[in-house]
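Biologist: I'm new to this one. Could you pick a single part and walk me slowly through how its pieces meet?

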There are 2 protein chains.
Amino acid sequence: MTNAGDPARTIALLWRDESAIPRKGPRRALTLDQVIGAAIEVADADGLDALTIRRVAQALNTSPMTIYTHVPGKAELLDLMVDAVYAHLSRTATTGQPWRARLTAVAQDNRALFQDHPWLTTVSTQRPVLGPGAIAKYEHELAALDGHGLTDVQLDDCLTYLLTFVHASARTAIEAQAVRQATALTDEQWWASAGPLLARVLNPADYPLATRVGEAAGQAHQGAYDPDHMYEFGLARLLDGLAPLLDRTP
Amino acid sequence: MTNAGDPARTIALLWRDESAIPRKGPRRALTLDQVIGAAIEVADADGLDALTIRRVAQALNTSPMTIYTHVPGKAELLDLMVDAVYAHLSRTATTGQPWRARLTAVAQDNRALFQDHPWLTTVSTQRPVLGPGAIAKYEHELAALDGHGLTDVQLDDCLTYLLTFVHASARTAIEAQAVRQATALTDEQWWASAGPLLARVLNPADYPLATRVGEAAGQAHQGAYDPDHMYEFGLARLLDGLAPLLDRTP
DNA sequence: ACAGTACTCCGTACTATGTACAGAGTGCCA
DNA sequence: TGGCACTCTGTACATAGTACGGAGTACTGT
């Protein structure tokens, strides 16, 4: 989805390169930031599916094609949206604290970002968006890992590993919520409808572990995946896994 | 995307419930499995975006609307596709081996699955597809974790944690590849185009860590994220993180 | 045997979306 | 003051999912 078209144009837009701004023609009624802001509002409110050029234009009281005078296409608009929310990421200061606290804060900040902008879990961000927001975020997060004798490559590895985890667990959480809304069924209702049917076709003796564990997990998390629990559990494992690398220099 | 519509209908389809098969009307020219198979072939070859009802119909030499006599809609078709590929997952036998080997095998099997069916990383699988393939997969994978004194809930937690990791890292790998194909640029070409521009707008002094580490990581992985390296690194950390839970009973 | 009816198959058509194109108007620069 | 680069906008096209309805088919109860 992201990163289509001319990289030069995208980078000029991301960094608001003055030299790329045309000097002729009528005064524009909107700024780029207004377009990006409107797009983010739409996506925050109704998700990526609802993010259409027409919808953004409507929010800005203009015509769809006007959007294209600010942005080459939808893919570039997404890149700009991503960088904009990265720029506003809350960056908890944790200098001097132990590494577990610092990494927990980084994870927490990212988790909050995904909660505020659920669509962010959905956009592909390969060939990472190289805007000022993204770079600043990277700088801040690397700082949380610095000073433990890691090589530069390891620094990047550890951070990527952490962010991948937060991304994935946020994605799961958001998806669960989205499905619930889309279906307009609570998990209990869904199970009430699907459960009996499943019982008719599924023979527990064929899948002893699956039925036992599935039931136990379902009970424990009241009928569904529990995103908060998954996050807590995963983060604890993740930090334990990094300990051998980070506990050398305190 | 997935899990829309009537859960009862979906489950009946997933389990090929005989009692849900109509007894009247003309003999059908296609079986459900043919439809699913054709859909999987399309998605394997050209990705989820290319998976359209019209395309599946074409592959089966029939009309688009005929597909709808087999499947209520595209969402249900996706559920069926997911369960079908789960059913064919390679299940490496590892009974008796140490837990690290067993979990590595589970991860590897899933990784291979994602490589064979890249679209699988993209489909939302919340409110997990409860078909025979998915359950059999769950049963097999739980077995790899069983016998270390974990509670049922912990069993589920650990497995989910592992699968989330494999899913996320596969997703990153696939996305990187997809972008490369879509852009028709190699990473070197892309950087050649974007690099100089970036150098003009980005002041390295503002982001010392980011530029240093970014460059080091870029060099080490020859210009881009290296999915294989990310997977190896992540899996090692992941197993280290699970060790405190699993090393108690051998 | 025969009607009724619940199916399958499929052409048509509606809606939504990204975006190309072209025309009209506007304001900087030589 | 002309010219041209640019903005704004209406129209239009291609591609989706899928609702609808009609024609034909085969199982069911009489």
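Modeller: Sure, let's look at chain B, where B:L32, B:V35, B:I36, B:A39, B:I40 and B:A43 in helix 2 meet B:L77, B:L80, B:M81, B:A84 and B:V85 in helix 5. This is a predicted model, where local features need pLDDT of at least 70, side-chain atom pairs count only at pLDDT 80 or more, and totals for chains, interfaces and linings use all residues. Residues are numbered from 1 along each chain as its sequence is written, chains are lettered from A and ligands numbered from 1 in the order in which they are written, and side-chain values use heavy atoms, with hydrogens and water left out.

Contact here means heavy atoms within 4.5 Å, and helices are DSSP runs (H or I, at least four residues) numbered from the N terminus. Helix 2 of chain B covers residues 32–46 and helix 5 of chain B covers residues 74–87. Their axes, which are lines fitted to C-alpha atoms over the stretch in contact, come within 10 Å and cross at roughly 85°, on a scale from 0 to 180 degrees between N-to-C directions. So helix 2 of chain B is roughly perpendicular to helix 5 of chain B, a label for angles of 65 to 115 degrees.

And what's in that contact? Eleven nonpolar residues, no polar and no charged ones; nonpolar takes in Ala, Val, Leu, Ile, Met, Phe, Trp, Tyr, Cys and Pro, charged is Asp, Glu, Lys and Arg, and polar is the others, Gly among them.

Chain A has a contact of its own: helix 2 of chain A and helix 5 of chain A pack at about 85°, axes 10 Å apart.

Note on methods. Helices (H or I, at least four residues) and strands (E, at least two) are DSSP runs, numbered from the N terminus. Angles under 35 degrees count as roughly parallel, over 145 as roughly antiparallel, 65 to 115 as roughly perpendicular and the rest as oblique.
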